[in-house]
Amino acid sequence: MLTIRPSVRIFLCNQPTDLRRGFNGLAAMVQDTLGEDPLSGHLSIFLNRRCNRLKLLYWDEDGYALWYKRLERGTF
């Protein structure tokens, strides 16, 4: 279970993302596209063009954590 502290902000990238990107590529997008610090501990969410897959990236005190979700039907 993912527990989110009240001080954590959630950022959603508003442009389709190539979800083949890994930790470093998504962290670069957080800096360039969202204008935020990827080491801040805030959550960054990225969606693919069809909005049926997402990746969630955040810094967890000692390294990046990355979650990936794929919907079999429907969209986010």
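Here are a few short exercises on this predicted model, each with a worked solution.

**Exercise 1. Find out how far the predictor trusts the chain, and which elements have the lowest and highest mean pLDDT.**

Solution. Start with the whole chain: its mean pLDDT is 92. Next, check how many residues reach 70 or more, and you get 97% of them. Now go element by element: E1 comes out lowest with a mean of 94, while E2 is highest with 96. Keep one habit in mind: where pLDDT is low, the predicted coordinates shouldn't be read in detail.

**Exercise 2. Work out the order of the strands in the sheet, and say which ones stand at the edges.**

Solution. Step one: follow the open sheet across its 4 strands, and you read E1-E2-E3-E4, with mixed pairing. Step two: look at the ends of that order. Strand E1 (10-12) and strand E4 (64-70) each have a single partner strand, so one side of each has no neighbour in the sheet. Step three: check the twist, which averages 20° from one strand to the next.

**Exercise 3. Zoom in on E2 and E3: how do they run, and which residue is the bridge partner of Ile-45?**

Solution. First, locate the pair: E2 covers residues 43-47 and E3 covers residues 53-59. They run antiparallel, joined by 4 bridges. Then pick out Ile-45 and look across to E3, where Leu-56 is its bridge partner.

**Exercise 4. Describe the largest pocket: its space and its lining.**

Solution. Begin with the space, about 180 Å³. Then turn to the lining, made up of 11 residues; Arg-5, Val-8, Gly-41, Tyr-58 and Trp-59 lie nearest the centre. Finally, sort the lining by type: 6 nonpolar, 2 polar and 3 charged.

Definitions and conventions
Residues numbered from 1 in each chain as written. Predicted model: local features only at pLDDT ≥ 70, side-chain atom pairs only at ≥ 80, totals over all residues. Heavy atoms only, no water. Pairing = 2+ DSSP bridges. Helix = DSSP H or I, 4+ residues; strand = E, 2+ residues; numbered from the N terminus. Axes fitted to C-alpha atoms, helices over the stretch in contact; angles between N-to-C directions. pLDDT = per-residue confidence, 0-100. 1 Å grid on protein atoms, 1.4 Å probe; cavity = no way out; pocket = protein on both sides within 12 Å on 5 of 7 lines; lining within 4 Å. Points joined across faces, edges and corners; volume = space filled by probe spheres on them. Nonpolar A, V, L, I, M, F, W, Y, C, P; charged D, E, K, R; others polar.
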